[in-house]
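Work through the exercises below with the model open beside you. Try each task before you read its solution.

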Amino acid sequence: IIYNAQLLGSSQETIEANVQYLSDIGLNYRRGPLLGTKPQTKRKKIAFILKEMFHYRELPEEKKKEAISEAYKLVREIPELLEVSFSELENRIEKLVENKTTVI
């Protein structure tokens, strides 16, 4: 509680849903900041990553599953992407894209 006082304002249902969701996608759910937002928000951020970084809508069907796997791999490597605001996420995605020559 000392390190994650913001969780005192979160409902038990939100925390439990986050533990389940984060566990399902392979993220360490002991990261306090990840527990404070709803799983729906995290899913929206992953969808944003798919859209902006992987250009999901333009991908052929056979590449979409790979893109989803890569997006989840990215958030496992950089879980802070799910903690920041959407505007900060957009800035970080732009920097990640600039530093990568190919995305998939």
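The exercises go from the whole chain to single residues.

This is a predicted model, in which local features need pLDDT of at least 70, side-chain atom pairs count only at pLDDT 80 or more, and totals for chains, interfaces and linings use all residues. Residues are numbered from 1 along each chain as its sequence is written, and side-chain values use heavy atoms, with hydrogens and water left out.

**Exercise 1. The whole chain**

Task: State how many helices and strands the chain has, and what share of its residues is buried.

Solution.
- Step 1: Assign the elements. Helices (H or I, at least four residues) and strands (E, at least two) are DSSP runs, numbered from the N terminus. The result is 5 helices and 0 strands. In sequence order the pattern reads α-α-α-α-α.
- Step 2: Sort residues by relative accessible area. Buried is under 20%, exposed is over 50%, and partly exposed lies in between (1.4 Å probe, protein chains only). The chain has 104 residues, and 31% of them count as buried.
- Step 3: Add the surface. The Shrake-Rupley method with a 1.4 Å probe gives the areas; for residues, only the protein chains shown count as cover. The chain total is about 6,900 Å², with 50% belonging to carbon and sulfur atoms.
- Step 4: Look at contacts (heavy atoms within 4.5 Å). Take those between residues at least 6 apart in sequence: 55% of them join residues at least 24 apart.

**Exercise 2. Helix 3 against helix 5**

Task: Find the angle and the axis distance for helix 3 and helix 5, and list the residues in the contact.

Solution.
- Step 1: Fit the axes. They are lines through C-alpha atoms, for helices over the stretch in contact, and angles run from 0 to 180 degrees between N-to-C directions. Helix 3 and helix 5 pack at about 35 degrees, with axes 11 Å apart.
- Step 2: Read the hand. A crossing is left-handed if the near helix is turned anticlockwise from the far one by less than a right angle, and right-handed if clockwise. Helix 3 passes helix 5 in a right-handed crossing.
- Step 3: List the partners. Helix 3 supplies Thr 41, Lys 44, Lys 45, Phe 48, Ile 49, Glu 52 and Met 53. Helix 5 supplies Phe 86, Leu 89, Glu 90, Ile 93, Leu 96 and Val 97.

**Exercise 3. Rings and charges**

Task: Classify the pair formed by Phe 48 and Phe 86. Then find which charged ends sit over the rings of Tyr 21 and Phe 86.

Solution.
- Step 1: Apply the ring rule. Rings of Phe, Tyr and Trp (its six-membered ring) pair if their centres lie within 6.5 Å; planes under 30 degrees apart are stacked, over 60 edge-to-face, and the rest tilted. The count is 1 aromatic pair.
- Step 2: Classify it. The ring centres of Phe 48 and Phe 86 are 6.1 Å apart and the planes stand at 85 degrees, so the pair is edge-to-face.
- Step 3: Place it. Phe 48 is in helix 3 (residues 39-54) and Phe 86 in helix 5 (residues 86-99), 38 residues apart. Phe 48 is buried at 17% relative accessibility, while Phe 86 is partly exposed at 35%.
- Step 4: Check charges. A charge sits over a ring if NZ of Lys or CZ of Arg is within 6 Å of the ring centre and within 35 degrees of the ring normal. Lys 45 has its charged end over the Phe 86 ring, 5.5 Å from the centre. Arg 43 does so over Tyr 21, at 5.2 Å.

**Exercise 4. The loop between helix 3 and helix 4**

Task: Is Arg 57 buried or exposed, and what does Arg 57 touch?

Solution.
- Step 1: Arg 57 is in the loop between helix 3 and helix 4 (61-77). Arg 57 is exposed, at 67% relative accessible area.
- Step 2: Skip residues up to four places away in sequence. Arg 57 then touches Lys 51 and Lys 64.
- Step 3: Turn to Lys 64, in helix 4. Lys 64 is buried at 14%. With the same neighbours left out, Lys 64 touches Tyr 56, Arg 57 and Leu 59.
- Step 4: Check the backbone. Most residues other than glycine have a negative phi. His 55, in the same loop between helix 3 and helix 4, has a positive phi of about 50 degrees. His 55 is partly exposed at 43%.
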